[in-house]
Amino acid sequence: MTDTRVPAGEALRLLDVAVQGMGGQHRAGQHEMAAKVAEAFDRRRHLLVQAGTGTGKSLAYLVPLMVQALEGEKPAIVSTATLALQAQIVKRDLPRLMEAVADELPRPLDVALLKGRNNYVCLHKLAGGFPDEDAPAALFSLGEDAVPHPAPAGGESSGGAASALGKEVVRLREWAQETETGDRDELVPGVSDRAWRQVSVGSMECLGAQKCPLAAECFSELARGHAAEADIVITNHAMLAINAFEGVAVLPDYDVVVIDEAHELQDRVTSAVAGQLSAAMVRTAASTARRHTGISVEPLNSAAGALEDVLEAVPSGLLASGLRQEQELVLMQVREAARVALSDSKPDGSGAADGGRQMARSRLAAVLEMAERLLSAADSREVIWATRPSTYGEAGDYVANDDQPATLNIAPLSVASRLREGLFDEHTVVLTSATLSVGGTFDAVAGSLGLLGAGAPAYSSADVGSPFDYPRQGVLYVASHLPKPGRGTSPEQLDELEELLQASRGGALGLFSSRRAAEEAAAEMRKRTDLTILCQGESSMAALVRQFADEPDTCLFGTMTLWQGVDVPGEACRLVIIDRIPFPRPDDPLTTARTRSVAQAGGNGFMTVSATHAAVRLAQGAGRLIRAANDKGVVAVLDSRLATARYGNFLRSALPPFWSTKDGAIARQILERLAAAAA
């Protein structure tokens, strides 16, 4: 076995220098984690490491990664789930770290940020190299290696929207003349998805470096070229998934990768490789092909009509038995029509760049690929389900509109085997998060990612804890007297919520299971209290979080984005309210399919899938409370099942070890004291 003392020792020495140079303090668990990461790199052995909030895990893995990057011949990769963490690493963590240890390094380190192609402005499209098509493009955005950006809050009339779009495009054109990166996230303020589509292309539509007349200036190509030469590359889980699953080299060749926010990896990978097919997509592909290549598209339009007819009676939800024979026959018709159209639309060989033809052929290829994939779903263990456009139901949940045409969706039942082959078999992988273990074991996440079972690669695991004194800093209050949650927010929950808010005098982060629940609770609390209540969707998330952090008595209500994306230390967040246990939707097709698969194998499907999912999300939500050594507060769970259900102990085992109570009076007294201290 290789002696690991020298690499680990060098990493720890640099960590000491970095901490001192950045004016920080040594944190419990940080040295242990850095040593574990250095050892994993040295031994080429995968590592799962849980590092609680406040550990300083970014520094603990970045320092060994720097040592590895200096010694290795290939770039080292960091993959994150969120754009926010990517920006934090590139703009704050790494620059501060490299400045602190500059005198200790043999040379400066080159760091690159790499995103999906359609995160960058396309100069060729900006110059008119692609036709101006907007609405149909949204149908073909699936499988893109990009993180979606929400549209701005609010709405306008159709005329106003058109005018606003024009203004956004003009601003984009002006910005494109000034930007050095072409990265959408550097455009402040941002623009709508519709406007961005006017100046960007996806990976399938791109003409490629060989044909594009502006390839030498292309922002995406420049970013990829920089990444290939860099020491450290910061990217996202979607790019990592496409690189591993699709065999498309969207990342430079690498030996080691750190996956931060690793609790998100399974879902992000699944989302990145999911696909869709609908009659509308086939018709759009046909229309684009006719317009830009001049071929006959009657077979495609006929296949689209047949697909719409055969899906008309298909109910929304999981196709548990797979495709029926008549559906397979129609998909074969779609496949053959798309194949012929692709053959007929080949370029004439002149070599001239033709954005319209490329767009048409990319859409035909997407239809062909999805039809083939749907037809082979049973053999490849993929799950198929039908969806329709949704509207808000009476209970505040999205409900499918069965009068609308259906879309077929497909995703892997499990990403474990493909991650094993495409990621773990070829690289050394360190996975880290504040919430990786459930019930004191890493088995759940290890199994979901392909690290358990016959032929699985070896890995080690560690929980380096947190420097926070949770029993003294935080209280877990479970409102065990409330009735079991039903659909929507109950009057009893609203009464409990009001009492807690009045006791805390604000400073509350409300985490809700649905957008409608958050909106209804915000509206009701505005009537009942004089507190300032912010709600997700009323402004940009960055603006809402900034106001919440700056105003100690303001409250912020929202959904899953807030469960994992808010870091507000101090008195501004002294109460975290969770309306219900965050189980996945009972009608979620992938959850249903995975639960059945576990049960058929003799396991407990509910505990393996739904309860584990809920435990990780619950821990993420509760983790919003204590973000610094001096933070104090209460996590209030308004779901009695956490105290009364058999799985309650399992869920609570994933939470920080807060002092706990079921007595609402005690929780309110504590909140009153905290409010007085914050005044």
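**View 1. Helix α8 makes the top contribution to the lining of the largest cavity, giving 3 residues.** Keep in mind that this is a predicted model. Besides α8, the helix α5 (123-126) also gives two or more residues to this lining. The cavity has a volume of about 170 Å³, and the count of cavities of 30 Å³ or more comes to just 1. There are 19 lining residues, and R117, C122, C206, C212 and C218 sit closest to the centre. Sorted by character, the lining has 14 nonpolar residues, 3 polar ones and 2 charged ones.

**View 2. Here is helix α8 itself, residues 219-229, with its buried residues picked out.** Those buried residues are F219, S220, A223, R224 and A227. Looking down the axis of α8, you'd find them within an arc of 135 degrees, so they line one face of the helix. The spacing rule is a handy one to remember: an α-helix has 3.6 residues a turn, so residues three or four places apart point the same way.

**View 3. A228 is another residue of helix α8, shown here with its contacts P75 and P252.** Is A228 buried or partly exposed? A228 is partly exposed, since its relative accessible area is 41%, which falls between the 20% and 50% cut-offs. P75 and P252 are the contacts of A228 once neighbours within four places in sequence are set aside. Take P252: along the chain, A228 and P252 are 24 residues apart, yet their C-alpha atoms are separated by 5.1 Å.

**View 4. This close-up is of W196, a residue of helix α7 (residues 193-197).** W196 has a relative accessibility of 3%, so it counts as buried; the cut-off for that label is under 20%. Which residues does W196 touch, leaving aside neighbours within four places in sequence? The contacts include a run made up of N118, N119, Y120 and V121. Also in contact with W196 are L172, W175, G182, R184 and V191. For a sense of scale, pick T554, which is 358 residues from W196 along the chain: the two C-alpha atoms are separated by 34 Å.

**View 5. Two arginines, R44 and R381, have a positive phi without being glycine.** For R44, phi is near 55 degrees. You'll find R44 in the loop that runs between α2 (30-43) and β1 (46-50). R44 counts as partly exposed, because its relative accessibility is 45%. For R381, phi is about 55 degrees, and this residue belongs to the loop between α14 (355-375) and β8 (382-387). R381 has a relative accessible area of 52%, so it is exposed; exposed here takes a value over 50%.

**View 6. Last up is the confidence of the model, with a chain average pLDDT of 87.** A score of at least 70 is reached by 91% of the residues. Where does confidence bottom out, and where does it peak? Strand β10 (residues 398-400) is lowest, with a mean of 53, while strand β19 (residues 633-637) is highest, at 98. Some stretches call for a careful eye. Residues 1-6 have a pLDDT below 50, and the model gives this stretch 6 contacts beyond near neighbours in sequence. Over residues 142-159 the pLDDT likewise stays under 50, and here the model has 33 contacts beyond four places in sequence.

Notes: Residues are numbered from 1 along each chain as its sequence is written. This is a predicted model: local features need pLDDT of at least 70, side-chain atom pairs count only at pLDDT 80 or more; totals for chains, interfaces and linings use all residues. Side-chain values use heavy atoms; hydrogens and water are left out. Buried means under 20% relative accessible area, exposed over 50%, partly exposed in between (1.4 Å probe, protein chains only). Helices (H or I, at least four residues) and strands (E, at least two) are DSSP runs, numbered from the N terminus. The arc is that of the directions from the helix axis to the C-beta atoms. pLDDT is the predictor's confidence in each residue, from 0 to 100. Contact means heavy atoms within 4.5 Å. On a 1 Å grid over the protein atoms alone, a cavity is a set of points where a 1.4 Å probe fits but cannot get out, and a pocket is an open set with protein on both sides within 12 Å along at least five of seven lines; lining residues have an atom within 4 Å of a point. Grid points are joined across faces, edges and corners, and a volume is the space filled by probe spheres set on the points. Ala, Val, Leu, Ile, Met, Phe, Trp, Tyr, Cys and Pro count as nonpolar, Asp, Glu, Lys and Arg as charged, and the others, Gly among them, as polar.
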